[in-house]
Amino acid sequence: MVHTIGEFAPAPGDELTRRTFPVFFAVLRLLLEAGVTVIAEAAFQDHLWRPNLEPLAELARIRVIQCHTDGRELVARRAARGKRTAHADGAVLDTDQHEQKFGRLSMPLPSLDVDTTSGYAPDLDEIVAFINGS
């Protein structure tokens, strides 16, 4: 969506973000209603995910994987990635305190915490087993 609007300065709560959320969740609903298995990846915080996921719980067996890394690694990855057109990274990832301030999803769902500091812990086989309900 960001490429269709021309000049854009990402910021928390900007117009594009406000337009994108409903589209993201409408697409999830459409796919789930069609019986499609979906993996939805985003770094939405609880106050955004929960009210939009709760209505979808009747359509899907939701499993949550929440990835994290330490603050230094988070800041280093952001710096290595550079400026991104559609994300206000500078406004939300500017300190090593981000992980403590991030509002993780709080729905009572099966959830797996994955440390991505150096690879994946637990490993990918365990993550897939969790997804499959094993």
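The following legends describe an overview and several close-up views of a predicted model of one protein chain.

**Figure 1. Overview of the predicted chain and its confidence.** The secondary structure consists of six helices and two strands, arranged from the N terminus in the order α-α-β-α-α-α-β-α. Of the 134 residues in the chain, 25% are buried. The chain exposes about 8,900 Å², of which carbon and sulfur atoms supply 55%. Among contacts between residues at least 6 apart in sequence, 63% join residues at least 24 apart. The mean pLDDT is 82, and 84% of the residues reach 70 or more. Among the elements, helix α6 (residues 124–131) has the highest mean pLDDT, 95, whereas helix α5 (residues 98–101) has the lowest, 55. Where pLDDT is low, the predicted coordinates should not be read in detail.

**Figure 2. Pairing of strands β1 and β2.** Strand β1 (residues 64–68) and strand β2 (residues 111–115) run parallel to each other and are joined by five bridges. One residue of β1, H68, has D115 of β2 as its bridge partner.

**Figure 3. The two faces of strand β1.** V64, Q66 and H68 belong to the covered face of the strand, while I65 and C67 belong to the uncovered face. In a regular strand the side chains alternate between the two faces of the sheet.

**Figure 4. Surroundings of Q66 in strand β1.** Q66 counts as buried because its relative accessibility, 14%, falls under the 20% limit. When neighbours within four places in sequence are left aside, the contacts of Q66 are R104, L105, S111, L112, D113 and V114. Strand β2 spans residues 111–115, and the contacts of Q66 include S111, L112, D113 and V114.

**Figure 5. P108 in the loop between α5 and β2.** P108 counts as exposed because its relative accessibility, 83%, is over the 50% limit. P108 and V64 are separated by 44 residues in sequence, and their C-alpha atoms lie 9.9 Å apart in space. V64 is part of the covered face of strand β1.

**Figure 6. A nonpolar surface patch that includes V23.** The patch is formed by M1, V23 and V27, which together have about 230 Å² of accessible area. V23 is located in helix α1 (residues 15–33). With a relative accessible area of 39%, V23 is classed as partly exposed, because this value lies between the limits of 20% for buried and 50% for exposed residues.

Conventions
Residues numbered from 1 in each chain as written. Predicted model: local features only at pLDDT ≥ 70, side-chain atom pairs only at ≥ 80, totals over all residues. Heavy atoms only, no water. Patch = residues over 30% accessible without salt bridge, like charges linked within 9 Å, V, L, I, M, F, W, Y side chains within 5 Å. Areas by Shrake-Rupley, 256 points an atom, 1.4 Å probe, with all protein chains shown as cover. Salt bridge = Lys/Arg side-chain N within 4 Å of Asp/Glu carboxyl O. Helix = DSSP H or I, 4+ residues; strand = E, 2+ residues; numbered from the N terminus. Buried < 20%, exposed > 50% of the residue type's maximum accessible area, 1.4 Å probe, protein only. Pairing = 2+ DSSP bridges. Contact = heavy atoms within 4.5 Å. pLDDT = per-residue confidence, 0-100.
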